[in-house]
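Colleague: Please take one part of this model and go through it closely, with its surroundings. Give the cut-offs as you go.

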Amino acid sequence: MLDIHLMFHRYRKFIFFLLAVYVLGWGFMEYQSVFLGLILGTAVSLYNLWMMVRKHDQFDKSMEQGRKVKSLGTASRMASAGLVVLICMKFPDYFHLVSAILGLMTIYIVIMIDYAIRYFRM
């Protein structure tokens, strides 16, 4: 298995590329609320991935030292997704809810695409 930090680095580059495309779409297209929702959801998705990598490192250290293992932060990732939904519901003129939810799922789509690319290269 590849190192989780190498995978995070690849995913982060791809997410930053997508965010740049979304910013260009927000600036030049008429669907500004859709692109703002995508930007918000994708940014929180990247934050959730970073948090998961950090918790994975803490999990590894706890296992090596023989300490009790804490959770991997599922509640905090769900809370950040809930915060995205609350922001979209509070400011519906600025953020499109469906596109923000699609943005939250972006990292999982990136992971699947990366896995498929790596699988078919071998």
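Modeller: The answer starts with the whole chain, moves to the last helix and its rings, and ends with the cores.

The model is predicted, with local features needing pLDDT of at least 70 and side-chain atom pairs pLDDT 80 or more, while totals for chains, interfaces and linings use all residues. Residues are numbered from 1 along each chain as its sequence is written, and side-chain values use heavy atoms, without hydrogens and water.

The protein chain has 5 helices and 0 strands (DSSP runs, at least four residues of H or I for a helix and at least two of E for a strand, numbered from the N terminus). Read from the N terminus, the order of elements is α-α-α-α-α. The C-alpha trace spans about 55 × 40 × 15 Å along its principal axes. Of the 122 residues in the chain, 32% are buried (under 20% relative accessible area; exposed is over 50% and partly exposed is in between, with a 1.4 Å probe and protein chains only). Among the contacts (heavy atoms within 4.5 Å) with a separation of 6 or more, 67% join residues 24 or more positions apart.

The part to look at is α5, which covers residues 106-121. At one place α5 packs against α4, residues 97-104, at an angle of about 40° and with the axes 4 Å apart (lines fitted to C-alpha atoms over the stretch in contact, with angles from 0 to 180 degrees between N-to-C directions). That angle makes α4 oblique to α5 (neither under 35 degrees, nor over 145, nor 65 to 115). On the α4 side the contact is made by Leu102, Gly103 and Leu104, and on the α5 side by Thr106, Ile107 and Tyr108.

Further along α5 come the rings. The structure holds 3 aromatic pairs (ring centres within 6.5 Å; planes under 30 degrees apart are stacked, over 60 edge-to-face, the rest tilted). In one of them, Tyr115 and Tyr119 have ring centres 6.1 Å apart and planes at 20°, so this pair is stacked. Both of these residues lie in α5, 4 residues apart, which is about one turn of the helix. Tyr119 also pairs with Phe120: the ring centres are 5.3 Å apart and the planes stand at 75°, so this pair is edge-to-face. Together Tyr115, Tyr119 and Phe120 form one aromatic cluster.

Where do Tyr115 and Tyr119 stand, buried or exposed? Both are exposed. Tyr119 counts as exposed because its relative accessible area is 51%, and Phe120 counts as exposed because its relative accessibility is 66%.

Now to the inside. The largest nonpolar core has 16 residues (buried Ala, Val, Leu, Ile, Met, Phe, Trp, Tyr and Cys joined through side-chain atoms within 4.5 Å). The elements giving two or more residues to this core are α1 (4-28), α2 (32-65) and α5. The largest share, 8 residues, comes from α1. The residues with the most contacts inside the core are Tyr11, Ile15 and Tyr22. Leaving out residues up to four places away in sequence, Tyr22 touches Phe35, Leu38, Ile39, Thr42 and Thr106. Thr106 is also one of the α5 residues in the contact with α4.

A second, separate core has 7 residues, including Leu40, Val44, Cys88 and Phe95. Val44 is part of α2 and counts as buried because its relative accessibility is 15%. Beyond four places in sequence, Val44 touches Ser80, Val84 and Leu104. Leu104 is a residue that α4 brings to its contact with α5. Val44 and Ile4 are 40 residues apart along the chain, and their C-alpha atoms are separated by 19 Å.

Another residue of α2 is Ser62. With a relative accessible area of 9%, Ser62 is buried. Ser62 touches Arg67 and Lys68, again not counting residues up to four places away in sequence.

Key. Phe/Tyr/Trp six-rings, centres within 6.5 Å; stacked < 30°, edge-to-face > 60°.
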